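Let's take a walk through this fold, starting from a single side chain and working outward. Have the model open and follow along.

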Amino acid sequence: MRVLVTGGAGFIGSNFVLRARESRPDWQVTVIDAMTYAANRASLEPVLSTGEVALVEGNVADADLVDALVADHDVVVHFAAESHNDNSLDSPWPFVESNVVGTFTLLEAIRRHGKRFHHISTDEVYGDLELDDPARFTEQTPVNPSSPYSATKAGADLLVRAWIRSFGIEATVSNCSNNYGPRQHVEKFIPRQITNILQGVRPKVYGSGLNVRDWIHVDDHNDAVIAILEQGRPGETYLIGADGERNNLEIVAMLLELMGEPADWFDHVDDRPGHDLRYAIDSTKLRRETDWQPRFGDLRAGLAQTIDWYRANESWWREAKVAAERTYERLGR
């Protein structure tokens, strides 16, 4: 099977490529990535250097390039997206271009060439839940996005569903909870705190720190995507989650304990605008219709593995860390 992975040099996409090469060695994988600041060629070096994977530098909004690549592959797995909420608040247009226009461009190529499409999305499209609400997001939850990022992802999801219904394309959608793990850009919450601690800098927590996220290890997410590709029903949406609800204070406390620092060694900073309170995923449908189960059921073990990776790979994140912290300083966060 010839698989085109969009955004395959980013965090989740690069881990998907490495995971697929390990578990599905018969797949022929090509990556298209715009190689923005959030991409890192080094993440793919183990498979680029051996020629196992081809990397095409280009934008998913480039209709001619996308058309040629889609025509030459059997399946498109669409990870490419602008995804950092803080950046979407600062400059929304790149999110519209990548997440909406890019998805539209891919869908039109899929329609022309009759290929299989899987769209990677986020639980953030559903807005947020109250901290004391026992409910969790399901496939029937109405979209209610809170930021330019989540609004553009919701728009992309709706485009995919419309192309399924109107044009009969063979496609699936997955909405996943917050990912963590190796190769995540240091602007994101968990790697920012890990690299701060490694550099002797106190972690930074938005507002009260009581905001809850449903954490899942990136390998578990990608195993779920493979399960959907192979066992999911075309036209369906699947929610991916590993029952990992923790608030930000709890995550920082775990990181500090695992890294041998005092429990109170962190600073509160100003909250960001429109900060969602709580996300929580009900992945019953995915587990019922496929054989997927998360391997990293122990969040502490997953965080320990992630810490070890960042400790061993400073050359991968050092330069990006400087740029990210400059941005946070400008935003006062």
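In this predicted model, the side chain of S208 reaches the backbone nitrogen of L210 at 3.3 Å. S208 sits in the loop that links β8 (204-206) to β9 (212-214). Is S208 buried or exposed? It's in between: its relative accessible area is 42%, so it counts as partly exposed. Setting aside residues up to four places away in sequence, S208 touches L249 and H268. If you want a sense of distance, pick G332: the C-alpha atoms of S208 and G332 are 16 Å apart in space, with their positions 124 residues apart in sequence.

L249 is a good stepping stone, as it takes us into helix α9, which covers residues 248-258. The N-terminal end of this helix is capped by N247, with a side-chain oxygen 3.0 Å from the backbone nitrogen of L249. Within α9, the buried residues are N248, I251, V252, M254, L255 and L256. An α-helix has 3.6 residues a turn, so residues three or four places apart point the same way. Try that on the helix in front of you: I251, L255 and the others on the buried list are good places to look. What do the buried residues of α9 pack against? Their partners are the helices α7 (189-198) and α11 (299-312), along with the strands β8, β9 and β12 (245-247). Just after α9 comes G260, which has a positive phi, near 75°.

Now hop over to α11, one of those packing partners. T306 is found in this helix. With a relative accessible area of 1%, T306 falls under the 20% cut-off, so it is buried. Beyond its neighbours within four places in sequence, T306 is in contact with Y180, G181, P182 and I194.

Next, the nonpolar cores. In soluble globular proteins, nonpolar side chains tend to be buried together. Here the largest nonpolar core has 33 residues, and the members touching the most other members are V5, F16, V17, W27, V77 and I240. Several elements each supply at least two residues of it, among them β1 (2-6), α1 (11-23), β2 (28-33), β4 (75-78) and β11 (237-240). Which element gives the most to this core? That would be α8, with 6 residues. There's also a second, separate core of 24 residues, which includes I190, I197, V252 and A324. V252 should look familiar: it is one of the buried residues of α9.

Time to zoom out. The protein chain has 12 helices and 13 strands, and 55% of its 333 residues count as buried. The radius of gyration is 19 Å; a compact globule of 333 residues would come in near 20 Å, so the two agree. Along the principal axes, the C-alpha atoms fill a box of roughly 55 × 45 × 40 Å. Counting contacts with a separation of 6 or more, 83% are between residues 24 or more positions apart. As for the surface, the chain exposes about 13400 Å², and carbon and sulfur atoms supply 48% of that.

Finally, the annotation. An unreviewed UniProt entry lists residues 4-296 as "domain: NAD(P)-binding". That span is 39% helix and 18% strand, and its end C-alpha atoms lie 27 Å apart.

Methods
Residues numbered from 1 in each chain as written. Predicted model: local features only at pLDDT ≥ 70, side-chain atom pairs only at ≥ 80, totals over all residues. Heavy atoms only, no water. UniProt positions renumbered as here; feature names shortened; annotations may be inferred. Helix = DSSP H or I, 4+ residues; strand = E, 2+ residues; numbered from the N terminus. Buried < 20%, exposed > 50% of the residue type's maximum accessible area, 1.4 Å probe, protein only. Contact = heavy atoms within 4.5 Å. Polar contact = N/O pair within 3.5 Å; in protein donor to acceptor, adjacent residues only side chain to side chain. Core = buried A, V, L, I, M, F, W, Y, C linked by side-chain atoms within 4.5 Å. Rg over C-alpha atoms; globule rule 2.2 N^0.38 Å. Areas by Shrake-Rupley, 256 points an atom, 1.4 Å probe, with all protein chains shown as cover.
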